[in-house]
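Me: Could you take a close look at one loop here and work outward from it to whatever packs around the same elements? Keep it chatty, but give me the cut-offs as you go.

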Amino acid sequence: MAPITSQDSRPQEATNPRPLGPGSKEEQAEFPSPTPAPSRPKFRRWGCGALTPPSLCTGTCSPRSLRMVRAKNWTLKKHFHGHPTDSDFELKTVELPPLNNGEVLLEALFLSVDPYMRLGSKRLKEGDTMMGQQVARVVESKNPAWPVGTLVLAHSGWASHSISNGQQLEKLLTEWPDTLPLSLALGTVGMPGITAYFGLLEICGAKSGDTVLVNAAAGAVGAVVGQIAKIKGCRVVGAAGSEEKVDYLKKIGFDFAFNYKTVKSLEETLKKAAPDGYDCYFDNVGGEFSNTVIRQMKKFGRVAICGAISMYNSTGQLPPGPSPESVIYQEIRMEGFIFNRWKGEVRQKALKELLTWVLEGKIQYREFVIEGFENMPAAFMRMLKGENVGKAVVKV
């Protein structure tokens, strides 16, 4: 079992609450400061002229196109009812066609699992590849804008290999140092980090002196929200679902953290944490938790509705919404949002600022890395149950 690594390099035993299958490996690592990047796949140039890992070349490819590339895809076998189960997924192998002009062949290095996939899967048809983002490498190209070897972010879903026309690809920051793992582009310096950054600073408008409440605070988004809030001079309260997570929140600078599963009264705990109420509420949970929080918002309080994970797997009647009386008389602004609202230069500026904060040690990050493409469903189900701390990624 892989150790937890920390700044002083003293190994500790990692927990393993859910076995992931014969021969599989998992790693939960905490990175207070930059650590060496994982080893990268070795490439060689074949007689056909293609620069590619041996697993992708059949020896019969032409100088312009690789043939017989077989991709593994995790598909949605049937729509989820309640918590996802193994039987809801199906692993398929498909043969990819030769590239057309303007296309590139991608090989996945890291794949992300995120709560939004549970909600977004409702828009998929049964048999579709599960949605998701990945860090991938261009291993064949007929598009000069994306040469072989380029590292990209791709929305290729749960696929080991895929073909792209390049329009939906995003290059990693040119400033990306070798000391940071590439998987961080799916976490703190990626979609979760962007979600935290704009949700807190633009939707909530957090400023120095504000009291900020974050739930699911030890998750990939919540932990970054809390640390950015501290950078901006806020007082930060975080709720999480285990004592381990509460300890983690205190370690990364939260002013008050509590286990919502064990407190006798959520209402009283929130009052104790912030007797004068909350200026900003970053909501990842929804449901009864949010109903309780709304009553403790200050006048002109702001709420960023990022997610409602407490209700994603619900099969019964949903809890009633926030009290209209509280929303009206407290003049609370509530706004839902999706991270891809922010594009272009403003997005790149945010990513560079997140990267700088990580390199300066102002934002610490924690990843839960599971090895093996075959373990995508297990990693997804485990994340939905809150069994990991920090961002969950799968290393292919």
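Reply: T179 sits in the loop between strand 12 and helix 2; helices (H or I, at least four residues) and strands (E, at least two) are DSSP runs, numbered from the N terminus. With a relative accessibility of 39%, T179 counts as partly exposed; buried means under 20% relative accessible area, exposed over 50%, and partly exposed in between, using a 1.4 Å probe and protein chains only. Follow the chain on to L359, 180 residues away from T179, and the two C-alpha atoms are separated by 9.3 Å.

Some ground rules before going on. This is a predicted model, in which local features need pLDDT of at least 70 and side-chain atom pairs count only at pLDDT 80 or more, while totals for chains, interfaces and linings use all residues. Residues are numbered from 1 along each chain as its sequence is written, and side-chain values use heavy atoms, with hydrogens and water left out.

Now the two elements flanking that loop. On the strand side, E170 belongs to strand 12 (residues 170-171), and R347 to helix 9 (residues 344-359). Their side chains form a salt bridge, N to O at 3.2 Å; the term asks for a side-chain nitrogen of Lys or Arg within 4 Å of a carboxyl oxygen of Asp or Glu. The R347 and E170 pair therefore ties together parts that are 177 residues apart in sequence. Both R347 and E170 are buried.

On the helix side, helix 2 (residues 191-203) also meets helix 9: their axes come within 10 Å and cross at roughly 105 degrees. Axes here are lines fitted to C-alpha atoms, for helices over the stretch in contact, and angles run from 0 to 180 degrees between N-to-C directions. That crossing makes helix 2 roughly perpendicular to helix 9; under 35 degrees counts as roughly parallel, over 145 as roughly antiparallel, 65 to 115 as roughly perpendicular, and the rest as oblique. Helix 2 brings G193, I194, Y197 and F198 to this meeting, and helix 9 brings V346, R347, K349, A350, L351, E353, L354 and W357; contact means heavy atoms within 4.5 Å. By class, the contact of helix 2 with helix 9 has 8 nonpolar, 1 polar and 3 charged residues. In that scheme Ala, Val, Leu, Ile, Met, Phe, Trp, Tyr, Cys and Pro are nonpolar, Asp, Glu, Lys and Arg are charged, and the others, Gly among them, are polar. R347, the partner of E170, is among the helix 9 residues that meet helix 2.

Helix 9 has a salt bridge within itself too: E353 and K349 pair at 3.8 Å, N to O. They lie 4 residues apart, about one turn of the helix. E353 is partly exposed at 23% relative accessible area, and K349 is exposed at 52%. Elsewhere, K207, D210 and R302 are joined into one network by salt bridges that share partners. Searching the whole structure turns up 15 salt bridges.

Helix 5 (residues 266-273) has a pair with that spacing: E267 and K271 are 4 residues apart, separated by about one helical turn. Their salt bridge is 3.7 Å, N to O. E267 counts as partly exposed at 32%, as does K271 at 37%. In the loop between helix 5 and strand 16 (278-283) you find D276, exposed at 68% relative accessibility. The C-alpha atoms of D276 and T211, 65 residues apart along the chain, are separated by 9.1 Å.

Helix 4 (residues 243-251) buries K245, V246, Y248 and L249. They span an arc of only 160 degrees around the axis, so they sit on the same side of helix 4; the arc is that of the directions from the helix axis to the C-beta atoms. The face turned away carries the exposed residues K250 and K251.

Last, some backbone oddities. Most residues other than glycine have a negative phi. A216 is not a glycine, yet its phi is positive, about 50 degrees; A216 lies in the loop between strand 13 (211-214) and helix 3 (222-231). F300, in strand 17 (residues 297-305), has a positive phi near 65 degrees.
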